[in-house]
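Here is a short tour to read with the structure open beside you. Rotate the view as you go, and pause wherever a contact catches your eye.

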Amino acid sequence: MKGCPYDNAVAEATFKIIKTEFVNGRNFTSLEELTRELQDYVHWFNHLRIHGTLEYMNPIQYKMKHLKKLSSLVLTYQEAQEIMCRTACQWAGVPIQEGKVRELTKDLGAMFESPAAIGPNHWLGRNTRNRVGKWIGELIDEVRNGNMNVPTNIILYRFTQYRDLEGNLLDTNTAAVEVINILRPIVAIAIFINFIMLSLHHFPEEKGKLKSRDEEYAQIFIQEVRRFYPFFPFVTALVKRISLGITINLRKVH
């Protein structure tokens, strides 16, 4: 929600933890050392560090515990993903064989479930992105070569024919990435579908409020779900290049 301050509280609380547990009293002599130590800290934070607000579990354990609670419901996380994958492909005009739906759903899911991971899970996400990108690229080439007829008003066709400012068609890889960037976020909505179900399980009184109140209350409820159940437990990023003359000294961070 534009102008909503609630997300800031979560971010600032996380930064405070980082400065207290990771930065305070430490001096990093190189960017390589900082990168290595920060990656280790993120892994420890997500997989080993217990949190009092998470029933004294680490973030991964807490997430998996509550996802498992939904397994007895009609709509599970995996089923929500598959529904959103079918919806995304149909809307974008991406043809998918029935026997390949679950495989594509799993691949698209791995792309947004692995960014905060380190090691095998991270590489799994990257490999699935390359595999799906290759498949989408083949579809794009088929459309451009006239070997596949698709309606001209669908997303897939639009990207195959999109031209840059110089009038050139996008290269196959770039066009494929753009199509993936349509499919992947739609499938990721499955996470929030399950978070909504989890919140109604934790706060059953909200069911009656959602039924009896207007759309504005529904929007407030959805934004509170987004704030309370974060998409990623913890994500870090490093700039690729630091301007010359700047010294890394995180001890001065306040």
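## Where α4 meets α5

In this predicted model, the axes of α4 and helix α5 (residues 101–113) lie 9 Å apart and pack at an angle of about 105 degrees. An angle of 65 to 115 degrees counts as roughly perpendicular, and α4 and α5 therefore stand roughly perpendicular to each other. On the α4 side, the contact uses Y77, Q81, E82, C85, R86 and C89, and these meet V101, R102, L104, T105, L108, G109, F112 and E113 of α5. Sorted by character, the residues of this contact of α4 with α5 are seven nonpolar, three polar and four charged.

One residue of this contact is worth a closer look. Q81 sits in helix α4 (residues 77–92). Is Q81 buried or exposed? With a relative accessibility of 6%, Q81 counts as buried, because the cut-off for buried is under 20%. Leaving aside neighbours within four places in sequence, Q81 is in contact with T105, G109, F112, E113, V187 and A190. Among these partners, T105, G109, F112 and E113 also appear on the α5 side of the helix contact.

## Where α8 meets α10

A second crossing involves helix α8 (residues 172–202) and helix α10 (residues 215–228): their axes come within 10 Å and cross at roughly 100 degrees. That makes α8 roughly perpendicular to α10. Which residues make the contact? From α8 come F192, F195, I196, S199 and L200, and from α10 come F221, V225 and R226. By character, the residues of the contact of α8 with α10 are six nonpolar, one polar and one charged.

## Aromatic pairs

Now for the rings. A pair of aromatic rings is described by the distance of the centres and the angle of the planes. Searching the whole structure turns up six aromatic pairs. Two of them are set out here.

| Pair | Centre to centre | Angle between planes | Arrangement |
|---|---|---|---|
| F192 and F195 | 5.9 Å | 75 degrees | edge-to-face |
| F203 and F228 | 6.4 Å | 80 degrees | edge-to-face |

Take F192 and F195, which both belong to the contact of α8 with α10. Being three residues apart in helix α8, F192 and F195 are separated by about one helical turn. F192 is partly exposed, at a relative accessible area of 23%, whereas F195 counts as buried at 8% relative accessibility.

The other pair in the table brings in a loop. F203 lies in the loop between α8 and α9 (205–212) and F228 lies in helix α10, so the pair ties together parts that are 25 residues apart in sequence. F203 counts as partly exposed at 37% relative accessibility, and F228 also counts as partly exposed, at 44%.

Elsewhere, ring pairs link F22, F28, Y41, W44 and F45 into a cluster.

## Two positive phi values

Backbone angles deserve a stop too. Most residues other than glycine have a negative phi. Which phi value does E55 have? Phi of E55 is near 60 degrees, a positive value in a residue other than glycine. E55 lies in the loop between α2 (31–47) and α3 (59–69), and it counts as partly exposed at 41% relative accessibility.

Y56 is likewise found in the loop between α2 and α3. The phi of Y56 is near 55 degrees, again a positive value in a residue other than glycine. At 61% relative accessibility, Y56 counts as exposed, because the cut-off for exposed is over 50%.

## The chain as a whole

Step back now to take in the full chain. How many helices and strands does the chain have? There are 10 helices and zero strands, and along the sequence the pattern reads α-α-α-α-α-α-α-α-α-α.

Of the 254 residues of the chain, 33% count as buried; Q81 and F195 are both buried. The chain exposes about 16,700 Å², with carbon and sulfur atoms supplying 55% of that area. Among contacts in the chain with a separation of 6 or more, 62% come from residues 24 or more positions apart.

Definitions and conventions: Residues are numbered from 1 along each chain as its sequence is written. This is a predicted model: local features need pLDDT of at least 70, side-chain atom pairs count only at pLDDT 80 or more; totals for chains, interfaces and linings use all residues. Side-chain values use heavy atoms; hydrogens and water are left out. Axes are lines fitted to C-alpha atoms, for helices over the stretch in contact, and angles run from 0 to 180 degrees between N-to-C directions. Helices (H or I, at least four residues) and strands (E, at least two) are DSSP runs, numbered from the N terminus. Angles under 35 degrees count as roughly parallel, over 145 as roughly antiparallel, 65 to 115 as roughly perpendicular and the rest as oblique. Contact means heavy atoms within 4.5 Å. Ala, Val, Leu, Ile, Met, Phe, Trp, Tyr, Cys and Pro count as nonpolar, Asp, Glu, Lys and Arg as charged, and the others, Gly among them, as polar. Buried means under 20% relative accessible area, exposed over 50%, partly exposed in between (1.4 Å probe, protein chains only). Accessible areas come from the Shrake-Rupley method with a 1.4 Å probe; for residues, only the protein chains shown count as cover. Rings of Phe, Tyr and Trp (its six-membered ring) pair if their centres lie within 6.5 Å; planes under 30 degrees apart count as stacked, over 60 as edge-to-face and the rest as tilted.
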